[in-house]
Amino acid sequence: MFITFEGIDGSGKSTQARLLAGALDRAGHAVRLTREPGGSPGAEEIRRLVLEGDPDRWSPETEILLFTAARRDHMEKTVRPALAAGQIVVSDRFADSTRVYQGISRGDLRGLVDQLHGLMIGQEPDLTFVIDIDPATGLDRARARKGHEERFEDMGLAMQERMRAGFLSLASEFSGRVAVIDGARAPGAVADDILRLTLARLAAARPA
Ligand code: ADP
Ligand code: TYD
């Protein structure tokens, strides 16, 4: 099973991906925790290119190519081998992030994102958690741990609002695989919901 976490910066994706991977591991499942952009040595190199430096460093189109190149390497080197070995893959962000960030932040490029996804990736997660949070809270949380990956984190509140709306709209578009989780609660309460939904999905996927 391929599980992804999505949502705006500071919504709690990394925290929840880690908690879910730990809980599944304790329940006896083989789990591979990974992230995007990154998750393989080549994709981590591309991560530095896209997340560090001048905000105007890349055109929107070049940025889509870079995120998709990173994803392709991540799929080849990490995700597909782990799934083939029977592991549950838990990824902190995946293609829905490109649909939202590159698809709507600098013009309407969703068609281009989807075309490239179809050509080069061609796979969707089995289950996606969109962690939903008020953008002001997300921004405060993200700024509190500010580092050197600042190209996207200075987007400001109005843009975070648009990104949040973008994730919620994807959740309706892909309602079969996407669950929206209220992230404005204690981490343990959020994690309980996520684990319950994941275990239900795993049980449903298992042959009787
Ligand atoms: P994301 O990966 O979505 O950017 P993180 O999991 O890195 O979010 O969380 C951002 C910050 O908020 C971290 O400092 C984390 O410890 C904190 N945090 C995460 N979840 C919660 C929560 N439910 N309540 C309060 N703070 C949280
Ligand atoms: P991430 O490290 O998950 O940031 P955060 O923990 O703050 O949510 O991702 C870094 C940034 O990369 C984030 O601002 C969103 C952006 N991003 C895209 O713009 N497109 C993509 O396809 C992906 C995977 C991430």
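## Loop residues and backbone

Pro37 lies in the loop between strand S2 (31–35) and helix H2 (41–51), helices (H or I, at least four residues) and strands (E, at least two) being DSSP runs numbered from the N terminus. The peptide bond that joins Glu36 and Pro37 is cis, with an omega of about -10 degrees. This is a predicted model, in which local features need pLDDT of at least 70 and side-chain atom pairs count only at pLDDT 80 or more, whereas totals for chains, interfaces and linings use all residues. Residues are numbered from 1 along each chain as its sequence is written, and side-chain values use heavy atoms, with hydrogens and water left out.

Arg93, in the loop between S3 and helix H4 (95–104), has a positive phi of about 80 degrees although it is not a glycine. Most residues other than glycine have a negative phi, and most peptide bonds are trans.

## Nonpolar cores

The largest nonpolar core (buried Ala, Val, Leu, Ile, Met, Phe, Trp, Tyr and Cys residues joined through side-chain atoms within 4.5 Å; buried means under 20% relative accessible area, with a 1.4 Å probe and protein chains only) has 15 residues, and those with the most contacts inside it are Ile3, Phe5, Leu20, Val90, Phe129 and Ile194. Among the elements that each supply at least two residues of this core are strand S1 (2–6), helix H1 (13–26) and helix H8 (187–205). Apart from it lies another core, of 11 residues, among them Val100, Val130, Met159 and Phe167.

## Helices H3 and H5

The axes (lines fitted to C-alpha atoms over the stretch in contact, with angles from 0 to 180 degrees between N-to-C directions) of helix H3 (residues 60–84) and helix H5 (residues 110–120) come within 11 Å and cross at roughly 30 degrees. H3 and H5 are therefore roughly parallel to each other, a term for angles under 35 degrees.

How values were computed:
Chains lettered and ligands numbered in written order. Buried < 20%, exposed > 50% of the residue type's maximum accessible area, 1.4 Å probe, protein only. Parallel < 35°, antiparallel > 145°, perpendicular 65-115°, else oblique.
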